[in-house]
Amino acid sequence: MRIPGRPAALLASAAALAALCGCTVQPAGADGKQGLPVQVELPGSPGPGTARSSPVPGVTRTAPAGTPAAPPSAAPAVPAPPVLWSRGDTGPAVRELQARLRQVAWLAVGPTGSYDGPTERAVKGFQGKRGLPRTGATDSVTWQRLVAMTRPPGRGELYPGAARPAAAADPRCLTGRVLCISKTSRTLRWMVDGRTLSTMAVRFGAQYTPTREGVFTVYWKSRHHVSTLYHSPMPYAMFFSGGQAVHYSYDFAARGYAGGSHGCVNVRDETAIARLFAQVRIGDKVVVSW
């Protein structure tokens, strides 16, 4: 028995139910087959946006519009290049570094083999000019760049003529603790009971301010001394005769034997004299001779 108006009522009920539940019924295709599964937006669920998984088969849940996306994974940090040499290091490799820095005019003095203040400043300048971090330490990248710009230094560059072999020790240096200084070879030997513990290049006073010769003793040490007469720094000063002292010289480190002191014994290797300063005691002997 067919009840008039019943199909229309059923269709109206289905439409009302669909509107209430938020369902969209896909119409059948031209071939009579059903369309895609029903998409349901559950009450309280996120609005349109990025699709998310749902436990209900045939249902797609979406994130609200404007929901920030998950941040991309951070790229791993690039490790800093390894440091090969830095301030305080010594040896043939440091001497070669200094010789190559001289080739590109970043270091004025001959190689000493000790990574001192002038060497650190030269490396900083080289690094800054080429856009590298100005650390003053020679890392693998800095070294590779320097090697690419220079040639292997010869013996004359590694051991310039101003650096002479140490002269034989004065007989007065063979006993006790002695700063044995030779004007002939321009060297200072630190000796204990006739044994040489270290040797370093030195320079002396100019023509009108000569360094005194003779046997003296260290009577005062001043780590951060500044000359009250010439107002110039005298780091690691070890006084042995009036105002004359053995000390580190920035000018000697920068200009070498082109200059001279006001009578003091200048040392240009800051690392070496720092170690010497720590070992020398008040009362130790000083011998200055030709």
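Is D193 buried or exposed? Keep that question in mind as you load this predicted model, and make D193 your opening selection.

**Stop 1: two loops with positive phi**

D193 sits in the loop between strand 8 and strand 9 (195–203). Its relative accessibility is 59%, so D193 counts as exposed; the cut-off for that class is over 50%. Check the backbone while you are there: phi is positive, about 55°, although D193 is not a glycine.

Now select R186, in the loop between strand 7 (177–182) and strand 8 (187–192). R186 also has a positive phi of about 55° without being a glycine. With a relative accessibility of 24%, R186 counts as partly exposed.

**Stop 2: a pair of helices**

Next, show helix 2 (residues 92–103) and helix 4 (residues 140–149), whose axes come within 10 Å and cross at roughly 55°. That angle makes helix 2 oblique to helix 4. Turn the view until you look through one helix onto the other, and you will find a left-handed crossing of helix 2 and helix 4.

To see the contact itself, display the side chains of E96, L97, R100 and L101 on helix 2, then W143, L146 and V147 on helix 4. Colour them by character: the contact of helix 2 with helix 4 has 5 nonpolar residues, 2 charged ones and no polar ones.

**Stop 3: aromatic rings**

Switch on the aromatic side chains next. Searching the whole structure gives 7 aromatic pairs. For each stop here, two values are worth reading off: a pair of aromatic rings is described by the distance of the centres and the angle of the planes.

Start with F216 and F240, a tilted pair at 5.4 Å centre to centre and with 50° between the planes. F216 belongs to strand 10 (residues 214–217) and F240 to strand 12 (residues 233–241), so this pair ties together parts that are 24 residues apart in sequence. Add a surface and you will see that both F216 and F240 are buried.

Stay with strand 12 and select Y236 together with F277. Their ring centres are 5.7 Å apart and their planes stand at 70°, so the pair is edge-to-face; the cut-off for that label is over 60 degrees. Since Y236 lies in strand 12 and F277 in helix 7 (residues 270–279), the pair ties together parts that are 41 residues apart in sequence. Y236 and F277 are both buried.

Finish by selecting Y219, W220 and F239, which ring pairs link into a cluster.

Conventions:
Residues are numbered from 1 along each chain as its sequence is written. This is a predicted model: local features need pLDDT of at least 70, side-chain atom pairs count only at pLDDT 80 or more; totals for chains, interfaces and linings use all residues. Side-chain values use heavy atoms; hydrogens and water are left out. Axes are lines fitted to C-alpha atoms, for helices over the stretch in contact, and angles run from 0 to 180 degrees between N-to-C directions. Helices (H or I, at least four residues) and strands (E, at least two) are DSSP runs, numbered from the N terminus. Angles under 35 degrees count as roughly parallel, over 145 as roughly antiparallel, 65 to 115 as roughly perpendicular and the rest as oblique. A crossing is left-handed if the near helix is turned anticlockwise from the far one by less than a right angle, and right-handed if clockwise. Contact means heavy atoms within 4.5 Å. Ala, Val, Leu, Ile, Met, Phe, Trp, Tyr, Cys and Pro count as nonpolar, Asp, Glu, Lys and Arg as charged, and the others, Gly among them, as polar. Rings of Phe, Tyr and Trp (its six-membered ring) pair if their centres lie within 6.5 Å; planes under 30 degrees apart count as stacked, over 60 as edge-to-face and the rest as tilted. Buried means under 20% relative accessible area, exposed over 50%, partly exposed in between (1.4 Å probe, protein chains only).
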